[in-house]
Amino acid sequence: MAEHIEQSADPEHTAEHVTTSVARRIEAGREHDFLAWTDAGMALARTFPGFLGGGWLRSAQDSSDYYVVYRFDNEAQMDDWVRSPVRRAWLSRGEGVAVESAVHRLSGIEGWFEPQSTLTNAVRVVGAPPARWKQAITIWLGFFPLSLLINFAVVAHLDGVPLVLKTLIATLINTPLMVYLVLPWITARLSRWLR
């Protein structure tokens, strides 16, 4: 797989970083135009706050398939780039050069649960997920204290309620707290270890 990936000088990578991979099919005979257009887009993205790096990869199976990948420090900065008039103008200059076929955006722990078969090669090249044992420890570090707290604060006061209903109530509280609060907080603090 041919590739051109650049990284910024910022060595800090936290769970807040956002990676986007865009699959594009190149029109026949337009490879040089596509690469020049993509490099121009990366140069524009580099001027936006939070840009951490990006580039392109060519599929080994089909030379007309390319993957463009870019990374920002957080969702808000990625959205500033994605919604910008500068990017819209750049995209319009690429009409007739390539057709977008898929977009993947990964941030924090959500990428760990994405089946590898559905990801583009660009996402796997830029940042592989942590080892499974590290994922398990990270999730347990959040799950154990939160479960303990819910058992003391909620479940202990549900005398006479059937076990299935108690479990339902506990998991309805636990799951969103884990996904939206606990895991983002823990992964940010363990970011170096999770690399």
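Me: Which helix holds Gln 77?
Reply: This is a predicted model: local features need pLDDT of at least 70, side-chain atom pairs count only at pLDDT 80 or more, and totals for chains, interfaces and linings use all residues. Residues are numbered from 1 along each chain as its sequence is written, and side-chain values use heavy atoms, without hydrogens or water. Helices (H or I, at least four residues) and strands (E, at least two) are DSSP runs, numbered from the N terminus. Residues 75–82 contain Gln 77 and form helix 2.

Me: Is Gln 77 buried or exposed?
Reply: Buried means under 20% relative accessible area, exposed over 50%, partly exposed in between (1.4 Å probe, protein chains only). Gln 77 has 19%, so the class is buried.

Me: Which residues does Gln 77 contact, leaving aside neighbours within four places in sequence?
Reply: Contact means heavy atoms within 4.5 Å. With those neighbours left aside, the partners of Gln 77 are Pro 49, Gly 50 and Phe 72.

Me: Which element gives the most to the largest nonpolar core?
Reply: A nonpolar core is a set of buried Ala, Val, Leu, Ile, Met, Phe, Trp, Tyr and Cys residues joined through side-chain atoms within 4.5 Å. This one has 20 residues; Phe 34, Phe 51, Tyr 66, Tyr 70, Phe 72 and Trp 81 touch the most other members. Strand 2, strand 3, strand 4, helix 1 and helix 2 each give two or more residues. The top giver, with 5 residues, is helix 1.

Me: Which helix gives the most to the nonpolar patch?
Reply: Patch residues have over 30% relative accessible area (Shrake-Rupley, 1.4 Å probe) and no salt bridge (Lys or Arg side-chain nitrogen within 4 Å of an Asp or Glu carboxyl oxygen); like charges are joined within 9 Å, nonpolar side chains (Val, Leu, Ile, Met, Phe, Trp, Tyr) within 5 Å. The patch covers about 850 Å², and its residues include Trp 133, Phe 144 and Trp 193. Phe 144 is partly exposed, because its relative accessibility is 43%. The top giver, with 7 residues, is helix 5.

Me: How far apart are the end C-alpha atoms of residues 164–186?
Reply: An unreviewed UniProt entry annotates residues 137–158 and 164–186 as "transmembrane region"; positions use the numbering here, feature names are shortened, and annotations may be inferred rather than shown by experiment. Residues 137–158 are 77% helix and 0% strand, with ends 30 Å apart. Residues 164–186 are 100% helix and 0% strand, and their end C-alpha separation is 29 Å.
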